[in-house]
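This report walks through a protein model, looking in turn at its empty spaces, its nonpolar cores and one of its sheets. Please keep the structure in view while reading.

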Amino acid sequence: MLWSKDEALSRKEIESIQLERLKYIVNYAYEKVPFYRQAFDRINLSPRDINSLKDIEKIPFTTKDDLRDNYPYGMFAVPMKDVVRIHASSGTTGRPTVVGYTRKDLDTWSELVARMAFMAGAREQDIAQISFGYGLFTGALGLHYGLERIGAAVVPVSSGNTERQINLMRDFGSTVLVSTPSYAMYMAEVSEEMGVKRDDIRLRLGLFGAEGSTKEMRNEIERRWGITATENYGLSEIIGPGVSGECEEKDGMHIAEDHFLAEIIDPATGRKLDFGEKGELVITTLTKEALPLLRYRTRDITSLNPEPCRCGRTLMRMSRVEGRSDDMLIIRGVNVFPSQIESVLMNIKGVGPHYEIVVTRKGYLDELTVNVELVDGEMLDKYQRLEELNAQIRHKLKTVLQIDAKVNLVEPRSLTRFEGKARRVKDLRK
């Protein structure tokens, strides 16, 4: 079942819409945003030079640093009197990136999130518990208005106070959970400690986003909650959640191609890659009014599949994000993504889903340490079994990563839990 007929257009129809909107947004950005006018003029590029989808490769990339350099409103294409909502990143690594929305932008956003949630299986009879933190972060309000547009009842509980979350989930009969995957795992852990039985909870669907996760993590969430767990993707600079999401087939996340033009590039060279090749996702907004972005480098590593899905949708699908090009760890010349480590750990019995990655430098050599929680704390007294488990993890990590890692097995519940985005890497080399 489709939310919109635009989800099943032919490839020719999709590309025709994209080209028409690309020409418009390029001219719009050039006329309204000084940054883009200067970027185009610098290389003698005119909006009139964009006559095909391939011509997008002539346009320079936009980066997060460009948004920060024009903080707070320098990238806006409309006067502030036309901006009705402002969101921003946390700014933990520098100036926050600020995004604005016109009334039309908010309407588009709600529609795209409704489309995404509907394709995942959300319906008007659902009770959706939103356990994202409300505020400048786009996730909570984005899902809030999209689910309301479907007709679902929304419980805006926000994040934190996990025992209360479980009680409300049970008492209100929540059927849909919106959170990060890591917080869903923590909530399941707390629910078990509270003695809440699966029959006490009516959850049937999870809409998880805001951080990457592995298939192994998804399987564990589904096992613990007894739900269908789906993944969705978005970023505040582009619009927030609603850029793409999984349908019930769970075979890639459908991109809203009528609103976003996606490319995959080699993150090192900027060269455009073919369908199926893994690289950095680049997105051009096609319908944004307040903050149009041309060829925005997301830093997220994925691939694109243009083939129609078994669900009947023809929208291009992006694979699960494996990590960020700027989060990739280079250890002794080897590229390491945290998702690789998570996949290994989730397939080993005796250890939990919570872990911590620590990178240090001893002399001129990088050292990788993975702290892993045991499921059973009594194992700490069983030296031989502990050594066998440690050796098993080290061997599997070395097989996948091609480097040796030190493993520390620690007591249950001794590692940090996260109510928002998980921060599992400590790079102490700097």
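## The largest cavity

Which residues line the largest cavity? In this predicted model, the lining is made up of Pro181, Phe208, Ser213, Arg218, Ile221, Ala229, Thr230, Glu231 and Arg320. Sorted by class, the lining of this cavity has 4 nonpolar, 2 polar and 3 charged residues.

Two elements, helix 8 (215–225) and strand 7 (228–235), each supply at least two residues of this lining, and the largest share, 3 residues, comes from strand 7. The volume of the largest cavity is about 60 Å³, and the count of cavities of 30 Å³ or more comes to 4. Rolling a probe the size of a water molecule over the atoms is what shows where such empty space is left.

## The nonpolar cores

The largest nonpolar core holds 72 residues, and within this core Leu143, Leu147, Leu207 and Tyr233 touch the most other members. Helix 4 (residues 103–120) gives the largest share of this core, with 9 residues. Apart from this core lies another one, of 25 residues, which includes Val344, Tyr355, Val407 and Leu409.

What is Tyr233 in contact with, once its neighbours within four places in sequence are left aside? The contacts of Tyr233 are Pro241, Gly242, Val243, Ser244, Met253, Leu281, Ile283, Thr298, Asp300, Met318 and Val321.

## An open sheet of 4 strands

Turning to the strands, an open sheet of 4 strands follows the order 10-11-12-15, and its pairing is antiparallel. Strand 10 (260–265) and strand 15 (323–324) stand at the edges of this sheet, where each has a single partner strand, so one side of each is left without a neighbour in the sheet.

The partner of strand 10 is strand 11 (residues 279–285), which runs antiparallel to it and is joined to it by 6 bridges. Among the bridge partners, Leu261 is matched with Thr284 in strand 11, while Ala262 is matched with Ile283 in strand 11, and Ile283 is also one of the contacts of Tyr233.

## Strand 10 at the edge

Is strand 10 largely enclosed or left open by the rest of the structure? Although strand 10 stands at an edge of the sheet, 6 of its 6 residues are buried, so strand 10 is largely enclosed by the rest of the structure. Phe260, Ala262 and Ile264 point one way from strand 10, whereas Leu261, Glu263 and Ile265 point the other way, and all are buried.

Terms used: Residues are numbered from 1 along each chain as its sequence is written. This is a predicted model: local features need pLDDT of at least 70, side-chain atom pairs count only at pLDDT 80 or more; totals for chains, interfaces and linings use all residues. Side-chain values use heavy atoms; hydrogens and water are left out. A nonpolar core is a set of buried Ala, Val, Leu, Ile, Met, Phe, Trp, Tyr and Cys residues joined through side-chain atoms within 4.5 Å. Buried means under 20% relative accessible area, exposed over 50%, partly exposed in between (1.4 Å probe, protein chains only). Contact means heavy atoms within 4.5 Å. On a 1 Å grid over the protein atoms alone, a cavity is a set of points where a 1.4 Å probe fits but cannot get out, and a pocket is an open set with protein on both sides within 12 Å along at least five of seven lines; lining residues have an atom within 4 Å of a point. Grid points are joined across faces, edges and corners, and a volume is the space filled by probe spheres set on the points. Ala, Val, Leu, Ile, Met, Phe, Trp, Tyr, Cys and Pro count as nonpolar, Asp, Glu, Lys and Arg as charged, and the others, Gly among them, as polar. Two strands pair if DSSP finds at least two bridges between them.
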